[in-house]
Amino acid sequence: MPIVVEPVGYVHASRPHAEDDFWGSEEARIELVPSLSAEALQGLIEFSHAEILFVFHQVQESKIVSGARHPRNNPDWPPVGIFAQRGKNRPNRIGSTICRILRVQGTALVVAELDAIDGTPVLDIKPVMQEFLPRHTVRQPSWSHELMAEYWLTKQRADDA
C-alpha cells in the first residue's frame, strides 16, 4: 500500500551534499511550505529541542540497501542490517535527528546540529519531550561509538585536533 506524504518544509543549510562527520557547528533553517502558516510553529520555542523527520532526497534508488552491510563500508566493523544502522541509503530514505531549537522566525524554524543538507524535504517537526526519550539505559555496540566519534564535532575542533 503506497503512502503519500507531502513535505511540511524544506531545509536551507550550508552543506549541498551529505558528509559523514562534523555536524556539530551546523545551523539550518527549516522554512515551512506556503500552505502552512506561522501558527504551525506557535509554542515550539518553549522547547529546547525538536525531532526533525526528513527525506534523504539525493539518495538514488539504485543505492538503496535492504540487507546487511559494513557501516560506512568499513570492513573493521561488522556487517549489520540497514535497520541496525542510521545510514542514508535506507529503503524509505527517511532520516530523523534531534536538534537544538535556536529561534522561530515567522514560518521558519532555525536549529543547530541538524544533519540534513540544503534542499532536504522535511516530513515532520516534533517537540522533544523528556517522557518520549528512552526510559532505560541506552545500549549500543562498540563499533557505533567509533562511527560516531567525530559526527557531532565542529569542523574547527576537528581542525585543531
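Where is the place of Ala68? Ala68 sits in strand 4, and we will come back to it after a look at the whole. The model is a predicted one, in which local features need pLDDT of at least 70 and side-chain atom pairs count only at pLDDT 80 or more, while totals for chains, interfaces and linings use all residues. Residues are numbered from 1 along each chain as its sequence is written, and side-chain values use heavy atoms, with hydrogens and water left out.

Let us start with the strands. Strands here are DSSP runs of E with at least two residues, helices are runs of H or I with at least four residues, and both are numbered from the N terminus. In this model 6 strands close into a barrel, in the order 1-2-7-6-3-8, with antiparallel pairing. From one strand to the next, the twist averages 45°; such angles run from 0 to 180 degrees between N-to-C directions, with axes fitted as lines to C-alpha atoms. Two strands count as paired if DSSP finds at least two bridges between them. As a general point, strands of a sheet pair through backbone hydrogen bonds, either parallel or antiparallel.

Now follow some of these pairs in turn. Strand 1 (residues 9-12) runs antiparallel to strand 8, and 2 bridges join them. Here Gly9 stands opposite Val122 of strand 8. Strand 3 also pairs with strand 8 in the antiparallel sense, over 5 bridges, and Phe54 stands opposite Val122 in strand 8. Elsewhere in the barrel, strand 6 and strand 7 (residues 108-112) run antiparallel and are joined by 5 bridges. Ile101 stands opposite Val111 in strand 7.

Next come the pockets. A pocket is found on a 1 Å grid over the protein atoms alone, as an open set of points with protein on both sides within 12 Å along at least five of seven lines; its lining residues have an atom within 4 Å of a point. The largest pocket has a volume of about 1400 Å³, where a volume is the space filled by probe spheres set on the grid points, joined across faces, edges and corners. Its lining counts 44 residues, and Phe56, Arg86, Gly87, Lys88 and Tyr151 lie nearest the centre. Strand 3 (49-55), strand 6 (94-105) and helix 1 (142-147) are the elements that give two or more residues to this lining. The largest share, 5 residues, comes from strand 6. By class, the lining of the largest pocket has 21 nonpolar, 13 polar and 10 charged residues. In this scheme Ala, Val, Leu, Ile, Met, Phe, Trp, Tyr, Cys and Pro are nonpolar, Asp, Glu, Lys and Arg are charged, and the others, Gly among them, are polar.

The second largest pocket has a volume of about 210 Å³. Among the residues that line it are Glu51, Arg86, Lys126 and Phe132. Strand 6 and strand 8 (121-127) each supply at least two residues of this lining, and strand 6 gives the largest share, 3 residues. By class, the second largest pocket is lined by 6 nonpolar, 2 polar and 3 charged residues.

With that picture in mind, let us return to strand 4. Ala68 counts as exposed because its relative accessibility is 57%; exposed means over 50%, buried under 20%, and partly exposed in between, with a 1.4 Å probe and protein chains only. Ala68 is 13 residues from Gly81 in sequence, and their C-alpha atoms are 3.8 Å apart. Arg69 also lies in strand 4 (residues 68-69), but at 18% relative accessibility Arg69 counts as buried. The side chain of Arg69 makes a polar contact of 3.1 Å with the side chain of Gln85. A polar contact is a pair of N or O atoms within 3.5 Å; within protein, one must be able to donate a hydrogen and the other to accept it, and residues adjacent in sequence count only if both atoms are side-chain atoms.

Helix 1 holds Ser144, which is buried, with a relative accessible area of 11%. The side chains of Ser144 and Gln140 are joined by a polar contact of 2.9 Å.

Finally, visit two loops. Asn73, in the loop between strand 4 and strand 5 (80-81), has a positive phi near 55°. Glu113, in the loop between strand 7 and strand 8, has a positive phi near 65°. Most residues other than glycine have a negative phi.

Notes. On a 1 Å grid over the protein atoms alone, a cavity is a set of points where a 1.4 Å probe fits but cannot get out, and a pocket is an open set with protein on both sides within 12 Å along at least five of seven lines; lining residues have an atom within 4 Å of a point.
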